[in-house]
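Visitor: I would like a close look at a single part of this chain. Please pick one residue and place it in the whole for me.

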Amino acid sequence: MSDKMEAWKARMQEVESQGGLSPEAATLIHAMYEELEVITKQNMNLRKTVLKATSKQTRMSSKLKDALME
């Protein structure tokens, strides 16, 4: 995802340097980009938390599982 974010940021800077945005539009786009960065970081943190929570669950050994299945 960071590759896309970097590409979008470069594109924003390119459009701004060409003067293709009104000041209001530029402000709005920057605010949206900052919010997107925050949400992306939150998403990554949540993914890590979920992975840690699922990996800590007790797991049955394969022998015990086979015995219970019989």
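Guide: Accessible areas here come from the Shrake-Rupley method with a 1.4 Å probe. On that basis, the surface of the chain comes to about 6400 Å². Carbon and sulfur atoms own 58% of that surface. Keep in mind that this is a predicted model.

Now take Ser-61. Ser-61 sits in the loop between helix 2 and helix 3. Is Ser-61 exposed, buried or partly exposed? Its relative accessibility is 40%, so Ser-61 counts as partly exposed. The class runs between the cut-offs of 20% and 50%. Across the chain, buried residues make up 7% of the 70 residues.

Next, the neighbouring elements. The chain has three helices and zero strands. From the N terminus, the order reads α-α-α. Helix 2 covers residues 23–55, and its mean pLDDT of 91 is the highest among the elements. Helix 3 covers residues 62–69 and has the lowest, 78. For the chain, the mean pLDDT is 85, and 91% of residues reach 70 or more.

How far apart in space are Ser-61 and Ala-31? The C-alpha atoms of the two lie 51 Å apart, with their positions 30 residues apart in sequence. Set that beside the overall shape. The C-alpha atoms fill a box of roughly 70 × 15 × 15 Å along the principal axes. The radius of gyration is 23 Å, whereas a compact globule of 70 residues would have one near 11 Å.

Last, charge. The chain carries 11 positive and 10 negative charges, and their mean positions are 12 Å apart.

Conventions. Residues are numbered from 1 along each chain as its sequence is written. This is a predicted model: local features need pLDDT of at least 70, side-chain atom pairs count only at pLDDT 80 or more; totals for chains, interfaces and linings use all residues. Side-chain values use heavy atoms; hydrogens and water are left out. Helices (H or I, at least four residues) and strands (E, at least two) are DSSP runs, numbered from the N terminus. The radius of gyration is taken over C-alpha atoms; the globule rule is 2.2 Å times the number of residues to the power 0.38. Buried means under 20% relative accessible area, exposed over 50%, partly exposed in between (1.4 Å probe, protein chains only). Lys and Arg count as positive and Asp and Glu as negative; His and the chain ends are not counted. The place of a charge is taken as NZ of Lys, CZ of Arg, CG of Asp or CD of Glu. pLDDT is the predictor's confidence in each residue, from 0 to 100.
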